[in-house]
Amino acid sequence: MRYELDEHQWSTETVLPDPSAIAAIGMHHNLTSALADIVDNSIDAEASQIRIRFVQRGTAILGIQIIDNGRGLTAEDIKRAMTFGARRDYGSEELGHFGLGLKTASLSQATSFEVYSRQKWGPAVGRRMDQTVSRDFSVGVMAEGAANERLDRVAGMDLTSGTIVEWRGLKDVIHTTEQSDLTEWRSAKLRAIREHLGVTFHRHLHQGDIQIEIDTFDVDRDRALPPTRVDPIDPFEDSLERDGYPRNFVVDLPDGASCTLEAHVFPPRLNSPAFDLGGEPGEVRQGVYLYRRGRLLSGGQNWAGLRLPKKELGLGRIKIDLDAANEHYITLNPEKVMPVYSADFTTAMARAHTPGPSPTFLDSYFAHLQSVHKDAKKTKRQEIRLVEPALGLNPSVVSRLDGLQDFSDFDPIDLRFVTLPSSELFRADRSARRVDVNVEHVRRIYGSEGRLSNRDGQLLKTFLYFLLESDFKVEQRWNPLREERHRILNEVLMVAFTEDFGQQNYDENGSR
């Protein structure tokens, strides 16, 4: 049997990827992680100022721009940047890795995107790509003069050199004619972006290498609103400095290289932006925090295969810095949000030890976390035992309650929105173990329209929960005195409601 390959029997044909393959790249991105990927490029371009700009006309969000004053791109640079998988030799301090970031991040959030760039005193270049790129991998090319004009018109920044990435046809955007809805949506997005970028790039921001700001540009007024600065949020800022923590553990890798695990312990019942990242209870963000080139890649929520996340370990976080000697043990997906640890690295982590002649091992750290959690439970004021809330309060609120005290043995209570007479803000039902909240009054308080979900009105429902939960510790039928208390509470709260929001006409059933 002949096994040699006869080259003369072969010809070639071009096989283009299915469009769905391009669409699948970047599927793990959300708006904040996609923006972080573009910011990586700006940092690699040695930008000192980065501006994330919402572009709007009236109540319509037209797009998002990411603007930087970095060194800019040449025609060859931008061609490579628009090519899928165009690898280059990344510098030791650069954040880029796959040659996919610009395309995958942009097309995950927008139907098309444009790039305008120029180097100092060099010609401007412009390119455009949309979702049809997988048909023939062609991109739009902008004339040099038009690209120069585009860069010159940027409000609020001097782009002698720099780059604009503009996303058009946003996928995650509100479509509304109500200014209040737009303001609420934009405020929520701005908060999420500030928090995510503040955590992801907290080292760069703290060192002053870069300044990241967010603003809104009104096309009709040709004016940008004053920018909001992104401040650094260090997820290790509030950890304890006692009992030998933070403590370093050495990881000896198979090829003779090593890295250091920096283990931190946080105080019980801590409530701070650096601990409660993104509004989540800090205990949820336990686990390994992975850094590369000063950029946070993985923000907890797993222990790299060493342990399963659980309440007893909620006060722990481990910091790992990757470098050229150890980063090949960990695989990153193109979105840089899901690191995969090799079996060799996880095994070596499990054997991590403190330096010196009498080492302790990483197991001691997990034992210490469990001990701190146990001691915190002992020192709670056990006389404060609240009835457990079920439906109506969001998991973050319930988690904070559970972390501060133990729930009593009584059945939980629900808080829900219903239609009630206009004279009542709430109605409590002991037998059904439920607090009903007047949905029309909630809409007035929060300025909401349409259907409300169980996740809405958290402040009001939490207030009523604390006001009424002790009544649900009574087993027997409520006596007239307790019912009279509810009537008085309703009357006083409704007077306060009228003072704040005015009187509206309702019929006797509470409908407008």
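Which residues in α4 are buried?

1. In this predicted model, the buried residues of α4 are G101, L102, K103, T104, A105, S106, L107, S108 and Q109. With 9 of the 9 residues of α4 buried, the helix is largely enclosed by the rest of the structure.

2. One packing partner of α4 (residues 101–109) is helix α2 (residues 31–44), and the two helices pack with their axes 9 Å apart and at an angle of about 150°. Because angles over 145 degrees count as roughly antiparallel, α2 is described as roughly antiparallel to α4. The crossing in which α2 passes α4 is left-handed.

3. On the side of α2, the contact is made by L31, A34, D37, I38 and N41, while α4 contributes G101, L102, A105, S106, S108 and Q109. Sorted by class, the contact of α2 with α4 has 5 nonpolar, 5 polar and 1 charged residues. As background to this contact, an α-helix has 3.6 residues a turn, so residues three or four places apart point the same way.

4. Further along the chain, an open sheet is formed by 3 strands in the order β17-β19-β18, with mixed pairing. The edges are taken by β17 (414–418) and β18 (426–429), each of which has a single partner strand, so that one side of each is left without a neighbour in the sheet. On average, and with direction ignored, neighbouring strands of this sheet are turned by 20° against each other.

5. Within this sheet, β17 pairs with strand β19 (residues 434–438) in the parallel sense, over 5 bridges. To give one residue-level example, L415 has V435 in β19 as its bridge partner. Helix α12 (residues 439–446) packs on the sheet, where α12 touches β17 and β19, and the direction of α12 makes about 60° with that of β19.

6. A further helix, α13 (residues 458–468), also belongs in the description of this sheet, since α13 lies across β17, β18 and β19. The direction of α13 runs at about 135° to β19.

7. A separate point concerns E327, which lies in the loop between β14 (316–322) and β15 (330–331). E327 has a relative accessible area of 18%, and because buried means under 20%, this charged residue is classed as buried. When residues up to four places away in sequence are not counted, E327 touches R292, R293 and L322.

Notes: Residues are numbered from 1 along each chain as its sequence is written. This is a predicted model: local features need pLDDT of at least 70, side-chain atom pairs count only at pLDDT 80 or more; totals for chains, interfaces and linings use all residues. Side-chain values use heavy atoms; hydrogens and water are left out. Axes are lines fitted to C-alpha atoms, for helices over the stretch in contact, and angles run from 0 to 180 degrees between N-to-C directions. Helices (H or I, at least four residues) and strands (E, at least two) are DSSP runs, numbered from the N terminus. Angles under 35 degrees count as roughly parallel, over 145 as roughly antiparallel, 65 to 115 as roughly perpendicular and the rest as oblique. A crossing is left-handed if the near helix is turned anticlockwise from the far one by less than a right angle, and right-handed if clockwise. Contact means heavy atoms within 4.5 Å. Two strands pair if DSSP finds at least two bridges between them. Buried means under 20% relative accessible area, exposed over 50%, partly exposed in between (1.4 Å probe, protein chains only).
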